[in-house]
Amino acid sequence: MNTEPGRKFGVVVVGVGRAGSVRIRDLRNPHASSAFLNLIGFVSRRELGSVDEVQQISLENALSSQEIDVAYICSESSSHEDYIRQFLHAGKHVLVEYPMTLSLAAAEELWELAEEKGKVLHEEHVELLMEEFTFLKKEVVGKELLKGSLLFTGKETEAQRAGPLEEEHFGFPAFSGISRLTWLVSLFGELSLVSATLEEKKEDQYMKMTVHLETKNKCPLSWIEEKGPGLKRNRYLSFHFKSGSLENVPNVGVNKNIFLKDQNIFVQKLLGQVPEKELAAERKRILHCLALAEEIQKHCRPTK
């Protein structure tokens, strides 16, 4: 941060699951970006009283408080849209964990609202701040892609064991796994959908989504999300270029403080330090990925 902090931005964290807890930790620790931020409290549907000496406050108080300038939305994905809208209407800046919404139309509407209110709306994408992505970005520069694939596997979560609630809370797999789509778009540019299928065995808690995409140069890219009891959380990738192939990413080090790096970017936006061209390109990429996710969902779940 290259500006001395003046008045700090008051922050409320909405949702104190994994991401919310990390956000609270980063806000309480003395980091460069945290110097511009003042954690006022957190909002949760559960009655917790306090977490790490941070006080719980009601949603109504968070929206009306003159002390609060910024909301970090870290709740389940299905609630993001409503929270973003409420905090923007209340005149607050918003940082939201991906996906910001579960539909393209909602995202477009909220971005227009943020512009109308003169507020920052920032969607977190820590996957672009990972060491693996930095490595990949360098690897693909100047190379001509012939074809590629990205497979993400994971075991079923507690929510999945509970049945369709997982999707209800976190969205269709193309939305809950949108970070993989973001990798592909960030590496190879805008993509178009060729086909998408979903295989589900609910009694076995198994799900496999297979998506076929292509680049503007008609190079095929496949993206597979697979979840089931015997599957470990893992990522496999294979990119074939005219000049050779890349099979998986070597061990490129530990991803340190990626949520903090994201917070640094957000604070730069609050301070007006990010060029308009960069903001427009980011917004275009985010909306493109949400549009693809929505199209994939429609292919896999055609409305009857």
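**Buried charge, nonpolar cores and cysteines**

Biologist: Why is glutamate 226 said to have no salt bridge?

Modeller: In this predicted model, glutamate 226 is buried (under 20% relative accessible area, with exposed over 50% and partly exposed in between, for a 1.4 Å probe and protein chains only), and the nearest side chain of opposite charge, lysine 208, is 4.7 Å away; a salt bridge needs a side-chain nitrogen of Lys or Arg within 4 Å of a carboxyl oxygen of Asp or Glu, so this pair does not qualify. Local features need pLDDT of at least 70 and side-chain atom pairs count only at pLDDT 80 or more, whereas totals for chains, interfaces and linings use all residues. Residues are numbered from 1 along each chain, and side-chain values use heavy atoms, without hydrogens and water.

Biologist: What makes the largest nonpolar core one that lies between domain 1 and domain 2?

Modeller: This core, a set of buried Ala, Val, Leu, Ile, Met, Phe, Trp, Tyr and Cys residues joined through side-chain atoms within 4.5 Å, has 62 residues, and Phe87, Phe239 and Ile296 have the most contacts inside it. Domain 1 (9–124) and domain 2 (128–252 + 290–300), with bounds from an automatic or database domain assignment, both give residues to the core, so it lies between them.

Biologist: How do you know that cysteine 300 is in no disulfide?

Modeller: A disulfide is a pair of cysteine sulfur atoms within 2.5 Å, and the nearest cysteine sulfur to that of cysteine 300, belonging to cysteine 289, is 16 Å away, so the criterion is not met. The structure holds 0 disulfides.

Biologist: Why is cysteine 300 called buried?

Modeller: Cysteine 300 has a relative accessible area of 15%, so it counts as buried.

Notes:
Lys and Arg count as positive and Asp and Glu as negative; His and the chain ends are not counted.
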